[in-house]
Amino acid sequence: MVEYSNNLLPAFGLTLFAGLATAIGSALAFFTRRTNVSTLAIALGFSAGVMIYVSLVEILTKARESLMTATNSPKIGSWIALGAFFGGMVVIALIDKLVPKFENPHEAHRVEEMDTQAMERANYDKKLMRMGIFSALAIGIHNFPEGLATFTAALKDVNLGASIAIAIAIHNIPEGIAVSIPIFYATGSRKKAFFLSALSGFAEPVGAIIGYFLLMTFFNDVVFGILFAGVAGIMVYISFDELLPTAEEYGKHHLVLYGLLAGMAVMAVSLLLFI
């Protein structure tokens with residue numbers, strides 16, 4: 001673990017930054033009256049492009065190289081990396097499956113809903129409040145592996161971790177909006193909606209801390225390779241399951257595509273510049 005310890009504070013800082021981006025979405029829902037859907041569509045497409053490209057080109061490759069070196073076998077190392085990659089997808093898919101659909105806030109919402117929905121109800125009962133809290137918890141559960149992904153990447157390479165943190169931060173902004181709306185609908189309070197929504201973003205640094213303390217005693221090239229390949233799988237799954245479908249709901253298909261291609265191009269150039 002010693003060789004990775006120099007990046008410990010930057011890794012945690014980047015994870016915290018990515019998590020706090022949920023508060024930006026909450027603030028948008030709190031202070032604005034309209035959603036710029038075109039910007040959100042492009043931003044989500046951009047984030048997906050960054051995450052897909054960096055996962056397949058950089059993260060999975062580094063995981064495979066680490067495992068090949070550790071096992072002293074290109075074939076065995078490659079198979080382990082492949083298994084961990086799809087294993088990461090299975091983990092995040094199970095998390096998605098275990099979160100009830102009506103409580104899963106990974107759906108496109110707009111700031112405008114906060115006023116129109118609130119006006120439709122005069123009384124805010126305990127059932128609605130419970131649903132709002134569950135929405136925040138659902139986002140927190142989804143953010144947990146994302147925090148571990150950002151932290152692990154930054155622990156190995158701060159520049160790579162920064163790229164991933166920015167991509168995840170972009171995708172956390174509309175999540176902040178998505179969580180704020182049901183909570184506001186449940187409580188009638190913008191302040192509570194902002195606080196609970198922003199709080200859900202702290203699951204990312206918590207995921208980093210728990211992951212670190214669980215792995216620090218036996219962190220080596222094999223563990224790193226498996227974890228890194230799993231992170232790649234998680235990020236690819238999130239991109240196809242959450243980012244791109246949500247972006248399509250927010251905007252026109254070609255805006256999402258342009259954002260996706262731009263994200264890939266920016267990530268490709270960034271990786272070349274840091275060689």
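What follows is a chat about how labels in this predicted model are earned.

Modeller: Ground rules before you ask: this is a predicted model, where local features need pLDDT of at least 70 and side-chain atom pairs count only at pLDDT 80 or more, while totals for chains, interfaces and linings use all residues. Residues are numbered from 1 along each chain as its sequence is written, and side-chain values use heavy atoms, with hydrogens and water left out.

Biologist: Okay, what makes up the secondary structure of the chain?

Modeller: Eleven helices and zero strands. Those are DSSP runs numbered from the N terminus, with helices being H or I of at least four residues and strands being E of at least two.

Biologist: Why is S73 called buried, and N72 exposed?

Modeller: Buried means under 20% relative accessible area, exposed over 50%, and partly exposed in between (1.4 Å probe, protein chains only). S73 has 16% relative accessibility, so it counts as buried. N72 has 70%, so it is exposed. N72 is in the loop between α3 and α4, and S73 is in the loop between α3 (37-71) and α4 (74-98).

Biologist: What else stands out about N72?

Modeller: Its phi is positive, about 60 degrees, although N72 is not a glycine. Most residues other than glycine have a negative phi.

Biologist: And what does the side chain of S73 reach?

Modeller: A polar atom of the S73 side chain lies 3.2 Å from the backbone nitrogen of I76. For a polar contact you want a pair of N or O atoms within 3.5 Å; within protein, one must be able to donate a hydrogen and the other to accept it, and residues adjacent in sequence count only if both atoms are side-chain atoms.

Biologist: How do you know that E58 and K62 meet in a salt bridge?

Modeller: The rule asks for a side-chain nitrogen of Lys or Arg within 4 Å of a carboxyl oxygen of Asp or Glu. E58 and K62 have an N to O distance of 3.2 Å, so they meet in a salt bridge. Both lie in helix α3, four residues apart, about one turn of the helix, and both are buried.

Biologist: What makes D157 and K62 a salt bridge too?

Modeller: Their N to O distance is 3.1 Å, so that passes as well. This pair links distant parts of the chain: D157 sits in the loop between α6 (126-156) and α7 (158-187), 95 residues from K62 in helix α3. D157 is at 21% relative accessibility, so it counts as partly exposed. E58, K62 and D157 are thus linked in a network of salt bridges, and the whole structure has two salt bridges.

Biologist: Which side chain of opposite charge is nearest to E204?

Modeller: K62, 20 Å away; E204 is buried yet has no salt bridge. On charges, Lys and Arg count as positive and Asp and Glu as negative, with His and the chain ends not counted. E204 is found in helix α9 (residues 203-215). Leaving aside neighbours within four places in sequence, E204 is in contact (heavy atoms within 4.5 Å) with residues including T15, N143 and I168.

Biologist: Last one: why is F195 called exposed, and A198 buried?

Modeller: F195 has 52% relative accessibility, so it counts as exposed, whereas A198 has 11%, so it counts as buried. F195 is in helix α8, and A198 lies in helix α8. A198 touches A23 and S26, not counting residues up to four places away in sequence.
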